[in-house]
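Me: I should like to examine this model through a series of short questions, each settled by reasoning from the coordinates. Please begin once the structure is displayed.

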Amino acid sequence: MNALIATDLDRTMIYSESALAAPPGPDSVCVEIYRDAPLSFMTQSGVDALTALAARTPVVPVTTRTRAQFERIMLPGRPFRFAVVSNGGRILCDGEDDVGWRAALQARVRDRSVPLADLHADLLTRIDESWVRATRVADDLFAYLVVDTERQPADFLASWNEWCVPRGWTVSQQGRKIYAMPVGVTKSAAIAEVRRRLVDDGALSADAPVLAAGDGRLDADMLESADHAIRPRHGELHDSGWTIPGLAVTRRAGIAAGEEVLAWLAAHTPDSPTPDHTALDIPVPDPAFAEK
C-alpha cells in the first residue's frame, strides 16, 4: 500500500521572498524565475525531501495557478504524472491537458454558476485604481484581483460575497490576491479523479490514503476530503483559525513550515522510512476552535 500526496504550492511548498518569514538564506534554492528575477524558493532540505517523497509515492502538485504559471516552477521531483492547475479547472497528465476533464467541468460550471462575463462586469463596478493594482481573468474560468491590502475597503469582501454566493461563485482572499471561483471548480474534485485513475491502472492501491497540505481558503475542500491533512502556521486558513478534526498544524511559519509539511507527509506515508510521527511534534488543534 502507498499513498497519494496532494499538495498546494505557493506558501505551502514554495515561497516568494515576501512569504519566507526571513531573508533568503544560504540554503535557499530558487525554484522559479519570472521576468529574469528569482521569484519562488524552497530550502535545500525541502528540495531533498520532496525529491525523495516523489520517488516512492505519487505526488500531485495542486495549485490555483494557470498551466503557464505552474510550468514556470522547477519543482523538485518532476516530472509528475499528474498535476492539478487552475484550482481544479485542469488536470495535466504527463504534462498534457486532459480535455475530457475540462469539457465535463465546463458543463458543471454552466449548470451551477452565472457566466464569468456577468461576474466580471459586476466586479468592475465595485473597484477602482486607488486600491486595485490589477484585474485578471484566468484560464477563461475565474477572476482575481491584485490589491493594496492597506487601502482595500473593509467591506469589499463581504459585499461582493453577498452578490457572488447566490449566483454560484465563491470569494477568497490570499494576501494581495482576491479570487472569485465558480462553485463547481474545486481541488478536491480533481484529486478524486486523479485518485480514481491511479487506482484503476494499478499505480495506487484501493485502500491507499490521501494526504493533503495547503494554506488557503481554496485548499480547504481538499484538506477536508483527505484522509490526513496538514496546514502551515500562516496563511488564510491560519489567520481565520480554521481547523477540522485531526488536522495537523506546523510549529513554524514561512519557508521553515514547508520543511515541516514535507517531514509530516513523509512520516504519514505507509511504509515510510521515518514512521515515528511523534518525533515531528506537530500539534493537532482542538476541533472546538474550528471556524463556524
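Me: Is D219 buried or exposed in this predicted model?
Reply: In this predicted model, D219 sits in the loop between β13 (210-213) and α7. Its contacts, leaving out residues up to four places away in sequence, are D8, K187 and G214. The threshold for burial is under 20% relative accessible area. Because the relative accessibility of D219 is 1%, D219 counts as buried.

Me: Which element gives the largest share of the lining of the second largest pocket?
Reply: The second largest pocket holds about 250 Å³ of space and is lined by 16 residues, with T170, T186, R217, L218 and D221 nearest its centre. Two or more lining residues come from each of β11, β12 and α7 (220-225). The largest share is 3 residues, and the element that supplies it is α7.

Me: How many residues of the lining of the second largest pocket are nonpolar?
Reply: The lining divides into three classes, of which the charged class has 3 residues and the polar class 4. The nonpolar residues number 9.

Me: What is the volume of the largest pocket?
Reply: The largest pocket is lined by 34 residues, and D10, Q174, R176, K177 and Y179 are the closest to its centre. At least two lining residues come from each of β4 (37-43), β10, β11 (169-174), β12 (177-182) and α8 (235-240). The volume of the largest pocket is about 1200 Å³.

Me: How many charged residues are in the lining of the largest pocket?
Reply: Sorted by class, this lining includes 8 nonpolar and 12 polar residues. The charged residues in the lining of the largest pocket number 14.

Me: Which strand gives the most to the largest nonpolar core?
Reply: The largest nonpolar core has 55 residues, and L119, L145, W160 and I191 touch the most other members. The strand that gives the most to this core, with 6 residues, spans 142-147 and is β10.

Me: How many residues are in the other core that lies apart from the largest one?
Reply: In soluble globular proteins, nonpolar side chains tend to be buried together. Here a second such set lies apart from the largest core, and V31, V47, L262 and W264 are among its members. The number of residues in this other core is 27.

Me: Which cysteine does L119 touch, not counting residues up to four places away in sequence?
Reply: With those sequence neighbours set aside, L119 touches A143, W160, W163, W169 and A180. One further residue completes the list, and that cysteine is C164.

Me: How many disulfides does a search of the whole structure find?
Reply: C164 is buried, because its relative accessibility is 0%. C30 is partly exposed, since its relative accessible area is 26%. A disulfide requires a pair of cysteine sulfur atoms within 2.5 Å. The search of the whole structure finds a number of disulfides equal to 0.

Me: What is the relative accessibility of S86?
Reply: S86 lies in the loop between β6 (82-85) and β7 (90-93). Beyond its neighbours within four places in sequence, S86 is in contact with T63, T64, R65, T66, D139, L141, F142 and V185. S86 counts as buried because its relative accessibility is 0%.

Me: How far apart in space are R72 and V31, C-alpha to C-alpha?
Reply: R72 is found in the loop between α2 (67-70) and β6, and R72 is partly exposed, with a relative accessible area of 26%. Leaving aside neighbours within four places in sequence, R72 is in contact with V31, E32, I33, Y34, L39 and R65. Although R72 and V31 are 41 residues apart in sequence, their C-alpha to C-alpha separation in space is 8.6 Å.

Terms used:
Residues are numbered from 1 along each chain as its sequence is written. This is a predicted model: local features need pLDDT of at least 70, side-chain atom pairs count only at pLDDT 80 or more; totals for chains, interfaces and linings use all residues. Side-chain values use heavy atoms; hydrogens and water are left out. A nonpolar core is a set of buried Ala, Val, Leu, Ile, Met, Phe, Trp, Tyr and Cys residues joined through side-chain atoms within 4.5 Å. Buried means under 20% relative accessible area, exposed over 50%, partly exposed in between (1.4 Å probe, protein chains only). Helices (H or I, at least four residues) and strands (E, at least two) are DSSP runs, numbered from the N terminus. Contact means heavy atoms within 4.5 Å. On a 1 Å grid over the protein atoms alone, a cavity is a set of points where a 1.4 Å probe fits but cannot get out, and a pocket is an open set with protein on both sides within 12 Å along at least five of seven lines; lining residues have an atom within 4 Å of a point. Grid points are joined across faces, edges and corners, and a volume is the space filled by probe spheres set on the points. Ala, Val, Leu, Ile, Met, Phe, Trp, Tyr, Cys and Pro count as nonpolar, Asp, Glu, Lys and Arg as charged, and the others, Gly among them, as polar.
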